[in-house]
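Biologist: Please take a close look at how the aromatic side chains pair in this model, and then follow the same thread into the charged pairs and the helix packing around it.

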Amino acid sequence: MITAEFLDFAVLCKHNFYMLETTNKQLAMEIINVARDEILFSMPYLTRALLYMPVVFYEDEIEEGVTIGFGSDGENLYVIAEMVIKRYMEDPHSIAHMLLHTLFHCLYQHPFHYETMHFDHWDLASDMAVEYVIANLNMNFTSLDDDHARSVVLEAMKAKSHNMNAESIYSYLNHHSDEAKEFLKKRELFCFDVHQHWMSKDVEGKIYLGDDQSYAAKTKVNDQWKKMERAVQTEILSFEKTQGYEPGSLSKLFEGDCYSEYDYSEFLRKFAVMSEEIRVNHEEFDYVYYNYGIEMYGNMPLIEPLEYREDNKIRDFVVAIDTSGSVQGSLVQNFLRKTWAMLQSEENFFYDVNIHILQCDSKIQSDVTIHNQQEFDAYMKHVQLKGFGGTDFRPVFQHVNTMIANGRIKDLRGLIYYTDGKGIFPEVAPDYKTAFIFVDNGFMQPNVPAWAIRLILPVEEFEE
């Protein structure tokens with residue numbers, strides 16, 4: 001029976017009665033394209049990521065266990081056409097919601113750790129993490145009837161785990177078995193895609209369950225999504241500036257609670273300046289748009305020559321060390337060594353660099369500029385921590401702003417502040433990215449302003 005919703009969709013796609021005769025796969029593809037357009041209209045910074053995975057239709061070969069018919073292994077978006085149509089008929093917003101859900105899994109690299117995890121706990125933890133982000137985006141086209149019920153569970157988890165990234169939620173579930181059982185009872189609220197694809201054995205989208213037949217997603221696919229995630233972060237920051245958003249208002253949704261604990265070297269790369277060397281390269285093309293053309297038009301790839309090359313470079317950088325009584329000793333020195341080891345690598349630098357290392361408590365105690373390895377070695381050989389008074393973050397930002405004004409800093413894109421967080425924060429957001437780095441000492445870490453990024457690292461990260 002043809003429903004009113006089906007006819008509404010036909011009119012929306014301007015195919016009218018032709019849509020009534022189309023195949024399920026064609027109809028499902030139209031539905032997915034409409035959902036993509038809705039996302040891209042409001043969130044253009046997701047364009048490249050959203051178009052990265054071509055749609056692959058497959059048939060449900062498992063009698064039980066797979067009812068969603070939607071998921072990804074990081075390379076393709078696997079879809080059961082009938083299930084997409086069914087979900088759309090039930091709620092037109094559901095497809096855009098499912099697309100974002102699956103996309104965020106890939107951006108946060110959730111599929112690429114699956115084989116090492118307790119499956120039930122990681123399924124729920126990763127789903128709750130991406131649903132927390134979607135809820136806070138507050139987009140009308142992803143709203144569903146059961147959003148309130150989902151929000152109640154998410155807030156309950158946030159009160160328990162404090163950080164709503166998948167790793168923190170997973171850790172909480174693993175260490176609180178009784179509570180985990182209660183949260184798992186709400187699992188259905190967060191199921192929007194098929195995680196078995198994360199262990200898919202072939203590119204056809206067929207699912208092979210069981211440890212003897214499954215294997216993890218490819219490392220190279222994981223690396224591609226790491227690069228994609230960094231590119232999306234850059235696009236978000238640009239979108240904030242051009243659209244007049246408060247600095248950090250969008251990027252914090254993707255960086256703050258979702259990335260409070262992870263590899264420090266990976267974090268530092270986020271602070272690299274995206275330098276574009278404009279050129280036309282006729283030997284290379286953007287495969288994202290190539291795949292999109294094939295998907296949209298069947299035999300018409302969209303060939304777009306690459307007009308630029310993106311290089312992650314660092315020109316000016318500031319590392320501030322809080323020398324108040326609770327932040328001192330060997331951890332500080334190891335933090336500096338690890339930070340410099342990554343920053344000084346040749347591929348991360350412009351030819352001329354200025355790395356300012358500040359020591360500060362309630363005032364600036366020391367400012368040393370480092371240009372090369374020899375200067376850093378000399379600094380570390382004779383470094384002495386100074387201060388040990390109270391903590392006031394404002395003098396550092398005032399000092400940095402003065403250096404920018406007088407030309408000592410010409411292209412600052414990042415400030416890292418190593419601290420315990422117990423101090424006075426500036427009221428006004430700076431024009432550059434700022435991260436407050438905490439070492440996890442088992443206690444609740446202080447909140448940071450909305451414009452800042454908070455990173456919590458295990459103490460082992462800086463132990464020798």
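**Aromatic pairs, salt bridges and a helix contact**

Modeller: Y170 counts as buried because its relative accessibility is 12%, and buried means under 20% relative accessible area. The model is a predicted one, and the values below should be read with that in mind. The structure holds 12 aromatic pairs, and Y170 takes part in one of them with W122, an edge-to-face arrangement with 5.5 Å from centre to centre and 85 degrees between the planes. This pair links distant parts of the chain, since W122 belongs to helix α6 (residues 119-137) and Y170 to helix α8 (residues 166-175), the two being 48 residues apart. W122 is likewise buried, with a relative accessible area of 0%.

A second pair, Y417 with F436, is stacked, with a centre-to-centre distance of 5.5 Å and 15 degrees between the planes. Here the link runs between strands: Y417 sits in strand β8 (residues 412-418) and F436 in strand β9 (residues 433-440), 19 residues apart, so that distant parts of the chain are again joined. Y417 counts as buried at 0% relative accessibility, and F436 is buried with a relative accessible area of 0%. Ring pairs also connect Y417 and F436 to F393 and F425, and the four form a cluster.

Turning to the charged side chains, the structure holds 8 salt bridges. Helix α6, which carries W122, also carries D127, and D127 forms a salt bridge with R187 in which the closest N and O atoms are 2.6 Å apart. R187 lies in the loop between α9 (177-184) and α10 (219-243), so this salt bridge ties together parts that are 60 residues apart in sequence. Both D127 and R187 are buried.

Other salt bridges stay inside one helix. D147 pairs with R150, their closest N and O atoms being 2.7 Å apart, and both residues lie in helix α7 (residues 147-161), 3 residues apart, or about one turn of the helix. D147 is partly exposed, with a relative accessible area of 26%, whereas R150 counts as buried at 2% relative accessibility. Salt bridges with shared partners join these two residues with E131 and D146 into one network. In helix α4 (residues 81-90), E90 and K86 lie 4 residues apart, about one turn of the helix, and they form a salt bridge whose closest N and O atoms are 2.7 Å apart. K86 counts as partly exposed, at 43% relative accessibility.

The last element is a contact between two helices, α14 (residues 330-343) and α15 (residues 373-382), which pack at an angle of about 175 degrees with their axes 12 Å apart. That angle makes α14 roughly antiparallel to α15, because angles over 145 degrees count as roughly antiparallel. On the α14 side the contact is made by Q333, L336, R337 and W340, and on the α15 side by Q373, F376, Y379 and M380. By class, the residues of this contact divide into 5 nonpolar, 2 polar and 1 charged.

Notes
Residues are numbered from 1 along each chain as its sequence is written. This is a predicted model: local features need pLDDT of at least 70, side-chain atom pairs count only at pLDDT 80 or more; totals for chains, interfaces and linings use all residues. Side-chain values use heavy atoms; hydrogens and water are left out. Axes are lines fitted to C-alpha atoms, for helices over the stretch in contact, and angles run from 0 to 180 degrees between N-to-C directions. Angles under 35 degrees count as roughly parallel, over 145 as roughly antiparallel, 65 to 115 as roughly perpendicular and the rest as oblique. Contact means heavy atoms within 4.5 Å. Ala, Val, Leu, Ile, Met, Phe, Trp, Tyr, Cys and Pro count as nonpolar, Asp, Glu, Lys and Arg as charged, and the others, Gly among them, as polar. Rings of Phe, Tyr and Trp (its six-membered ring) pair if their centres lie within 6.5 Å; planes under 30 degrees apart count as stacked, over 60 as edge-to-face and the rest as tilted. Buried means under 20% relative accessible area, exposed over 50%, partly exposed in between (1.4 Å probe, protein chains only). A salt bridge is a side-chain nitrogen of Lys or Arg within 4 Å of a carboxyl oxygen of Asp or Glu.
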